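Student: I have this model open on my screen and would like a close look at one part of it. Could you take me through a helix and its surroundings, and then on to a few single residues?

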Amino acid sequence: MLNRLLDDCFLSEFQSEVIEVEEENGLYWHALRETIFFYEGGGMSSDEGVIANHPVLALREKRGMLWHLLDVKLSGQVHLSINMHARFRKCQIHTAQHLISALVNQVYHTEVLAHHVSDEQNDIEFNLKSFSEKQVSELQILCNGLIRDDLPVKVFYPTHEEAMKHAPLKRLAHDDLRVVSIGNLDYNPCGCMHVPSLRYIQSIYIMGYEKTTNGYKILYQAGDQLLENIDKRYTVLDEAGKALALPHLYINSGIYKLGNEVKALSADLIVWKHKYYKLGAADLAKRFPHTIFMEFDDIDVKSLSQYARYIVSHYERIVVFVAKIYDSAQVVIAVSSTLEEKADDLYRRIAPVLHLHGGGNEVLAQGGGAWHKNLFEQIKILLTAE
């Protein structure tokens, strides 16, 4: 179903007539005598807009007509209005895809396998055997050079005989042909909407490439999409620059400096933890001659087990640590290797009763479960009972 009104991407206002209405679940599908709404296809999403100031909720094709879903039932003459910003952005991206594909085909003699569009970036997959950063740069220069040359983008409705002079037969398997050309560079059957010449793309940025199972994906942004994403990224850079108190160009240096400072602080933290363990262990050893019971609410799991292990490696003790971490409990039992008791045996004594998971070995066992306020006292009772 070819609609020649879609040949002009700037045709965003139109007067038409409702010829049929179908009700569905309280909403109404409208078929119009003519429409300027584009229905999804070829990698482009459907147009957004209103009919008689009512938002078009969805589009569908049925019985050779395009139907428009509204929340009201209309009749007679109606005014159609397209969201031009959204349409123009999509037209820029799609024409950019034609341009990139034509250049890659001519320069590297390869074919398009797939094309995907998103808000952040778009990609075209080619059956390339190799690709490189140098080729990324070359492709971007070629694209933007042709945009500056402003090659015309035209729509044709040729016969199959005419089209076969410019395109292979396998690309012409349609009853009605609609062809989009870019100067003498590209001649491609396509039902999508396009800008009228390359200058309307404004600019193309090749973001990079990715290896795929069948070849390579080339990632790109174009036109308004590129400007919008530059603005987003500039905002992020500006916030990072303010946080680091550095100009944009020196942010990497600032991040590198922060990374080194974090490494230095981490090394200092290890030293201070060791000092804390040493002093704390000596104090606990004085206070508890056999079994050290301690409850924590401000320690992480790793530090909890390291602290317990330090104590039993320097003092002949049994250590039972219980910590509340958010809404869970973490239990660590450590035993000096010179004692008869074994950490895993002690842990198995309390785990089933208190519904704890985990385990360990003779020196250290640990695990966790649900926290409740009497947990610490219950553990002490279970481990001190004869």
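Tutor: What follows starts from one helix, H4, and moves outward to its partners and then to some individual residues. Please keep in mind that this is a predicted model.

Let's begin with the helix itself. H4 has 22 residues, and from its first C-alpha to its last it reaches 31 Å, close to the 32 Å expected at 1.5 Å a residue. Its buried residues are Gly-223, Asp-224, Gln-225, Leu-226, Asn-229 and Gly-241. What lies over these buried residues? The cover includes H1, strand S9 (122–126), strand S13 (204–211), strand S14 (216–222) and H5. At the other side of the helix in sequence, H4 is followed by Ala-245, and the phi of Ala-245 is positive, near 55 degrees.

Two of those covering elements are helices, H1 and H5, and each deserves a visit.

Take H1 (residues 84–108) to start with. The axes of H1 and H4 come within 6 Å and cross at roughly 105 degrees. Because angles of 65 to 115 degrees count as roughly perpendicular, H1 is roughly perpendicular to H4. On the H1 side, the contact is made by His-85, Phe-88, Arg-89, Gln-92 and Ile-93, and on the H4 side by Gly-223, Asp-224, Gln-225 and Glu-228. By character, the residues of this contact divide into two nonpolar, four polar and three charged. If you compare the two lists on your screen, Gly-223, Asp-224 and Gln-225 appear among the buried residues of H4 and also in the contact with H1.

Now for H5, which spans residues 251–287. How does its length fit with a helix? At 1.5 Å a residue, its 37 residues should span 54 Å, and the end C-alpha atoms are 52 Å apart, so the two values agree. The buried residues in H5 are Ile-251, Gly-254, Tyr-277, Gly-280, Ala-281, Leu-284 and Ala-285. An α-helix has 3.6 residues a turn, so residues three or four places apart point the same way. That is a handy thought to keep while you rotate the view and look at Tyr-277, Gly-280, Ala-281 and Leu-284, which are buried in H5. The cover over the buried residues of H5 includes H4 (223–244), strand S15 (291–296), helix H6 (301–314) and strand S16 (318–325).

From S15 and H6 you can step to the loop between them, where Asp-297 is found. Is Asp-297 buried or exposed? Asp-297 is exposed, because its relative accessible area is 62%, and exposed means over 50%. Its C-alpha atom is 9.6 Å from that of Ala-329, although the two are 32 residues apart along the chain.

Further along is Val-331, in strand S17 (residues 328–335). With 0% relative accessibility, Val-331 counts as buried. Which residues surround it? Leaving aside neighbours within four places in sequence, Val-331 is in contact with Phe-321, Val-322, Tyr-347, Ile-350, Leu-356, Ala-365, Gln-366, Gly-367 and Ile-379. Among these contacts, Gly-367 is 36 residues away from Val-331 along the chain, yet their C-alpha atoms are separated by 5.6 Å.

Two loop residues with unusual signs in their backbone angles round out the picture of the chain. His-355 sits in the loop between helix H7 (343–354) and strand S18 (357–360). Its phi is near 60 degrees, a positive value in a residue other than glycine, and with a relative accessible area of 68% His-355 is exposed. Asp-150, in the loop between helix H2 (133–149) and strand S10 (153–156), also has a positive phi, near 55 degrees. Asp-150 is partly exposed, with a relative accessible area of 27%.

Finally, as a biochemist you may want to know about the cysteines. How many disulfides are there? A search of the whole structure finds zero. For Cys-143, the nearest cysteine sulfur is that of Cys-190, 17 Å away; Cys-143 counts as buried at 0% relative accessibility. For Cys-192, the nearest cysteine sulfur is again that of Cys-190, here 4.0 Å away. Why is that pair no disulfide? The sulfur atoms would have to be within 2.5 Å, so 4.0 Å does not qualify. Cys-192 is buried as well, with a relative accessible area of 3%.

How values were computed. Residues are numbered from 1 along each chain as its sequence is written. This is a predicted model: local features need pLDDT of at least 70, side-chain atom pairs count only at pLDDT 80 or more; totals for chains, interfaces and linings use all residues. Side-chain values use heavy atoms; hydrogens and water are left out. Helices (H or I, at least four residues) and strands (E, at least two) are DSSP runs, numbered from the N terminus. Buried means under 20% relative accessible area, exposed over 50%, partly exposed in between (1.4 Å probe, protein chains only). Contact means heavy atoms within 4.5 Å. The expected span of a helix is 1.5 Å times one less than its number of residues. Axes are lines fitted to C-alpha atoms, for helices over the stretch in contact, and angles run from 0 to 180 degrees between N-to-C directions. Angles under 35 degrees count as roughly parallel, over 145 as roughly antiparallel, 65 to 115 as roughly perpendicular and the rest as oblique. Ala, Val, Leu, Ile, Met, Phe, Trp, Tyr, Cys and Pro count as nonpolar, Asp, Glu, Lys and Arg as charged, and the others, Gly among them, as polar.
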